[in-house]
Amino acid sequence: TYITYILLILLIGCAAPDFYSLEDIEKERVKLESGKTKSADSLLAVYKDMTQPYDVRLAALEALSSSELPFVRESIRESVADGSLIEIDMMNQSINILLKYGDSESTDALISSLKITESKIMDVREDIVNAIGTLGSNDQVLTLVELYEISRTNHNRMNEMLTLTLGSIGDDSVIPILMEITNNSDLSLNVRAQAIDILSKKNSTDLVDYFIKILDDPSLNDDLNKYTNLIF
């Protein structure tokens, strides 16, 4: 019986903690620097574990930064490549819960989130592009051109979503905004054409003169003029 108790105590004492502290990370860092590679596995596990406190995960990553072990480098690469570090599921679930509440006051929070996430995403993208420029690639120019196309496509996609949402709003206060979109030559023809299409469905006498102006304006894109003619 005594031997059984002693074994249980030893097993519990050796078991990995459910939650790591900054002190635990520091101990693993010291072990890693002394050459114990198993500590690298422990630090990687903490770094990837979404249930661990954020500051602990960040400390684990910083502890790994001086490691030259190939599997550490590969593991961090995989985490960056698959986007697992970004907690998209938590954000989407939170948005869906607000949607279920049906509370219009949540719109302010959603708008704020849209602005903040856009800014954070741009910061991450800037760091990624700068890192690519520093590290280089087999064909750096081709890589950056591909990234440019991805960025342009996502930008147009966002503009398209905003345009459709504006069109679904019954309030005529969105009309000036849609007009501005149609006149913005920096936007894609597809987005501008959608704005015109949405405007055409608005019952406002103010739009008659506006559409006449579009049709008669030679400075506008020929394709946009053609699209406007097709609508009317």
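## A walk through the helices

Start by selecting E74, which is partly exposed at a relative accessible area of 35%. Before going further, keep in mind that this is a predicted model.

With E74 still highlighted, add R77: the two side chains meet in a salt bridge, 3.0 Å from N to O. R77 is partly exposed too, with a relative accessible area of 47%. Both residues belong to helix α5, three residues apart, so they are separated by about one helical turn. The general geometry helps here: an α-helix has 3.6 residues a turn, so residues three or four places apart point the same way.

Now pick R73 and E68. Their side chains form another salt bridge, at 3.1 Å from N to O. R73 counts as partly exposed at 42% relative accessibility, while E68 is exposed, with a relative accessible area of 60%.

Stay with α5, which covers residues 70–81, and click on V80. Is V80 buried or exposed? Its relative accessible area is 55%, and anything over 50% counts as exposed, so V80 is exposed. Extend the selection to L85, I86 and I88 and turn on the surface: together with V80, these residues make a nonpolar patch of about 360 Å².

Next, jump back to helix α2, residues 22–33, and select E33 and R29. They form a salt bridge whose closest N and O atoms are 2.6 Å apart. Within α2 they sit four residues apart, about one turn of the helix. E33 is exposed, at a relative accessible area of 54%, whereas R29 is partly exposed, at 24%. Add E26 to the selection, and you have a network of salt bridges linking E26, R29 and E33. In total, the count for the model is five salt bridges.

This is a good moment to color by confidence. Which helix scores highest, and which lowest? The highest confidence is in α2, at a mean pLDDT of 93, and the lowest is in helix α1, residues 2–14, at a mean of 52. Where pLDDT is low, the predicted coordinates should not be read in detail. Across the protein the average pLDDT is 78, and 81% of the residues score at least 70.

Time to go inside. Show the side chains of L178, M179, I181, L199, L207, Y210 and F211: of the 15 residues in the largest nonpolar core, these touch the most other members. Three helices each supply at least two residues of this core: α9 (175–183), α10 and α11 (206–216). Which of them gives the most? That would be α10, with five residues. For a second stop, select Y20, L43, L44 and A60, which are among the 14 residues of a separate core. As general background, nonpolar side chains in soluble globular proteins tend to be buried together.

Finish by isolating α10. Its buried residues are V191, R192, A193, Q194, A195, I196, I198 and L199, and L199 is also one of the core residues that touch the most other members. Then try your distance tool on the two end C-alpha atoms of this helix, residues 189–200. What span should twelve residues give? At 1.5 Å a residue the expected span is 16 Å, and the end C-alpha atoms of α10 are 16 Å apart, which agrees.

Definitions and conventions
Residues are numbered from 1 along each chain as its sequence is written. This is a predicted model: local features need pLDDT of at least 70, side-chain atom pairs count only at pLDDT 80 or more; totals for chains, interfaces and linings use all residues. Side-chain values use heavy atoms; hydrogens and water are left out. The expected span of a helix is 1.5 Å times one less than its number of residues. Buried means under 20% relative accessible area, exposed over 50%, partly exposed in between (1.4 Å probe, protein chains only). Patches are made of residues with over 30% relative accessible area and no salt bridge: like charges are joined within 9 Å, nonpolar side chains (Val, Leu, Ile, Met, Phe, Trp, Tyr) within 5 Å. Accessible areas come from the Shrake-Rupley method with a 1.4 Å probe; for residues, only the protein chains shown count as cover. A salt bridge is a side-chain nitrogen of Lys or Arg within 4 Å of a carboxyl oxygen of Asp or Glu. A nonpolar core is a set of buried Ala, Val, Leu, Ile, Met, Phe, Trp, Tyr and Cys residues joined through side-chain atoms within 4.5 Å. pLDDT is the predictor's confidence in each residue, from 0 to 100.
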